[in-house]
Amino acid sequence: MGAETTDGGVRRLVLLRHAKAEPGGGSVDDVLRPLALNGRRQAVRVGGALRETGLVPERVLCSSALRTRQTWELLSAHLGDVDPDVVVSDDLYAADVTDVLDLVRSTDSRVRTLLVVGHEPTMAATASHLADPSSDGGALAQVRVGVPTATYSVLESATAWDSWVPRGALLTYVGRPS
């Protein structure tokens, strides 16, 4: 499964699909679509859920699309007094699983909780790709078919980020705050 951490610590990867955006089409470029009102409420609930479950990130990788940046901004206000390293990346906008995994692998080994705010189908596909077959069955079934807006998947491994491999992490939870 790759190199384990010397301190025995677990790394947690949280893959979040952005909250509900305004419909596409029309004169607005897809990358500039803002969150819908319901999406704004979803993002706030995700922030509270991440805080309550101890999934406050130390580093955030966020797509440069407006809806993902707005999702991060709204949820971050509900994480408590934290100041994670935030990287807004054009690469995440059209990323595939390999691109996301490359970004994850470039994360500093001291980071214990990493949040990626991106798009479907890539967020669910990445979770499915990384999930060990012994992961939670319900969570595996969900990521294999895709996830709704404002849904996050949590993967855990004692492996250093640069050694994360397919089927090498335990998918422990898929959540969507009500």
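## Strand S4 and two exposed residues

In this predicted model, strand S2 (residues 59–63) runs parallel to strand S4, and four bridges join the two. Within this pairing, Cys62 stands opposite Val117 of S4. Strand S4 also pairs with strand S1 (residues 11–17): these two run parallel as well, joined by six bridges. Here the bridge partner of Arg12 is Thr113 in S4.

How many of the residues of strand S4 (residues 113–118) are buried? Six of its six residues are buried, and the strand is thus described as mostly covered. The cover extends to both faces of S4. On one side lie Thr113, Leu115 and Val117, on the other Leu114, Val116 and Gly118, and all of these are buried.

The following table turns to two residues outside this strand.

| Residue | Place | Relative accessible area |
|---|---|---|
| Asp90 | loop between strand S3 (85–89) and helix H3 (97–105) | 61% |
| Val145 | helix H5 (residues 137–145) | 71% |

Asp90 counts as exposed because its relative accessible area is 61%, and the term applies to values over 50%. Asp90 is also one of the residues that form a negative surface patch. The other members of this patch are Asp91, Asp96, Asp99 and Asp102.

Val145 is likewise exposed, because its relative accessible area is 71%. Val145 and Ala94 are 51 residues apart along the chain, and their C-alpha atoms are separated by 19 Å.

Note on methods:
Residues are numbered from 1 along each chain as its sequence is written. This is a predicted model: local features need pLDDT of at least 70, side-chain atom pairs count only at pLDDT 80 or more; totals for chains, interfaces and linings use all residues. Side-chain values use heavy atoms; hydrogens and water are left out. Buried means under 20% relative accessible area, exposed over 50%, partly exposed in between (1.4 Å probe, protein chains only). Two strands pair if DSSP finds at least two bridges between them. Patches are made of residues with over 30% relative accessible area and no salt bridge: like charges are joined within 9 Å, nonpolar side chains (Val, Leu, Ile, Met, Phe, Trp, Tyr) within 5 Å. Accessible areas come from the Shrake-Rupley method with a 1.4 Å probe; for residues, only the protein chains shown count as cover. A salt bridge is a side-chain nitrogen of Lys or Arg within 4 Å of a carboxyl oxygen of Asp or Glu. Lys and Arg count as positive and Asp and Glu as negative; His and the chain ends are not counted. The place of a charge is taken as NZ of Lys, CZ of Arg, CG of Asp or CD of Glu.
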